[in-house]
Amino acid sequence: MLRNGETGDCIGTFEGHKGAVWSVCLDTNALRAASGSADFSAKVWDALTGDVLHSFEHKHIVRACAFSEDTHLLLTGGVEKVLRVYDLNHPDALPREVDKSPGSVRTVSWMHSDQTILSSCTDMGGVRLWDVRSGDIVKTLETKSSVTSAEVSQDGRYITTADGSTVNIWDANHFGLVRRYNMPCTVESASLEPIYGNKFIAGGEDMWVRVFDFQSGDEIACNKGHHGPVHCVRFSPKGESYASGSEDGTIRIWHRPFDP
């Protein structure tokens with residue numbers, strides 16, 4: 001579903017998958033959407049009409065997808081342990097494959113003006129950074145547990161990861177650990193405030209969406225309302241609100257209860 005980010009009103013529904021949808025994203029201009037599904041496919045949609053533009057068949061469940069910054073490429077990953085890059089200007093061409101992923105792919109992102117790919121696995125810790133040109137892993141950011149959420153900040157400076165007991169903030173250019181926060185519960189997703197970078201949110205098993213101070217790690221707000229574990233949290237592009245998706249079947253939009 002596509003919804004208005006300010007009001008939550010439904011704009012439209014993309015219909016066509018025959019299995020659970022594991023991942024969705026919009027391109028930079030919000031003109032196209034992409035989705036990865038348990039029906040062994042990734043689809044690209046016209047975000048204005050809801051029509052399917054392309055359908056890319058896979059050999060197993062597609063857990064993650066991401067548009068490149070220039071919107072010309074689509075990256076997918078999943079249970080096959082293969083990262084695929086599709087050229088959306090030539091959708092009938094075979095994708096480029098990077099088949100060295102050590103485990104089933106959980107998250108994927110683009111970095112460094114589409115020169116680097118970020119991925120994490122469901123069955124092992126760490127975040128792997130791949131050189132797009134060579135297809136080689138150039139760096140692994142070590143974590144205690146499997147990374148269930150990885151986000152590259154809007155300005156490209158930071159990588160925010162969640163791996164159960166901790167949220168980590170990494171330098172996206174030098175790959176050093178900037179901050180590590182021990183969480184009060186098992187968290188599945190985290191997101192850094194995109195404008196000031198001085199707050200981050202996290203959600204997980206205890207059904208609450210918490211706001212933390214970037215410098216101290218202190219909890220400064222707690223949002224209660226979900227009736228199931230929180231699987232995904234993300235700030236809006238301007239940071240004025242944030243959304244959470246839960247196992248209770250709802251998405252909630254929260255307006256910031258704090259000053260910048």
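**One cavity, two hairpins and some unpaired cysteines**

About 30 Å³ of space lies in the largest cavity of this predicted model. A search of the whole structure turns up 1 cavity of 30 Å³ or more. Its wall is made of Met-183, Pro-184, Cys-185, Val-187, Ala-202, Gly-203, Asp-206, Trp-208, Arg-210 and Phe-212. Sorted by type, those lining residues come out as 7 nonpolar, 1 polar and 2 charged. Three strands each put at least two residues into the lining: β18 (177–192), β19 (199–204) and β20 (209–213). Of the contributors, β18 gives the most, with 4 residues.

Just before β18 in the account comes β17, which runs over residues 164–171 and holds Ile-169. Ile-169 has a relative accessible area of 0% and is therefore buried, the cut-off being under 20%. In sequence, Ile-169 and Arg-179 are 10 residues apart, yet their C-alpha atoms sit 5.1 Å from each other in space. Arg-179 falls within the span of β18, residues 177–192.

Next, the hairpins. Strand β13 (residues 125–131) pairs with strand β14 (residues 137–146) in the antiparallel sense, over 5 bridges. Within this pair, Arg-128 stands opposite Thr-140 of β14. The hairpin leaves 5 residues between its strands, and Gly-135 in the turn has a positive phi of about 75°. Further along, β22 (residues 230–235) and β23 (residues 241–246) also pair in the antiparallel sense, again over 5 bridges. Here Val-233 has Ser-244 of β23 as its bridge partner. This hairpin too has 5 residues between the strands, and Gly-239 takes a positive phi near 75°.

Positive phi also turns up away from glycine. Most residues other than glycine have a negative phi. Thr-71 goes against that, with a positive phi of about 70° although it is not a glycine. Thr-71 belongs to the loop between β7 (62–67) and β8 (73–78). Despite the loop setting, Thr-71 is buried, with a relative accessible area of 10%. Asp-114 is another such case: not a glycine, but with a positive phi of about 70°. The loop in question for Asp-114 is the one between β11 (105–111) and β12 (116–121). At 11% relative accessibility, Asp-114 counts as buried as well.

What about disulfides? A search of the whole structure finds 0 of them. A disulfide is a covalent bond between the sulfur atoms of two cysteines. The cut-off used for such a pair is a sulfur separation within 2.5 Å. For Cys-10, the closest cysteine sulfur is that of Cys-232, and at 18 Å it is too far for a bond. Cys-10 is partly exposed, at 41% relative accessibility. Cys-65 makes for another instructive case: the closest cysteine sulfur, in Cys-25, lies 3.9 Å away, which is also too far for a bond. Cys-65 is buried, at 5% relative accessibility. Its neighbour in that comparison, Cys-25, lies in strand β3 (residues 21–26). Cys-25 is buried too, with a relative accessible area of 18%. The C-alpha atoms of Cys-25 and Gly-36 are separated by 9.3 Å, with the two residues 11 apart along the chain.

Finally, the record. An unreviewed UniProt entry lists residues 14–55, 55–96 and 223–254 under "repeat: WD". In the model, residues 14–55 are 0% helix and 52% strand, and the end C-alpha atoms of that stretch are 13 Å apart. Residues 223–254 are 0% helix and 53% strand, with end C-alpha atoms 8 Å apart. The hairpin of β22 (residues 230–235) and β23 (residues 241–246) falls inside this last listed stretch.

How values were computed: Residues numbered from 1 in each chain as written. Predicted model: local features only at pLDDT ≥ 70, side-chain atom pairs only at ≥ 80, totals over all residues. Heavy atoms only, no water. 1 Å grid on protein atoms, 1.4 Å probe; cavity = no way out; pocket = protein on both sides within 12 Å on 5 of 7 lines; lining within 4 Å. Points joined across faces, edges and corners; volume = space filled by probe spheres on them. Nonpolar A, V, L, I, M, F, W, Y, C, P; charged D, E, K, R; others polar. Pairing = 2+ DSSP bridges. UniProt positions renumbered as here; feature names shortened; annotations may be inferred. Buried < 20%, exposed > 50% of the residue type's maximum accessible area, 1.4 Å probe, protein only.
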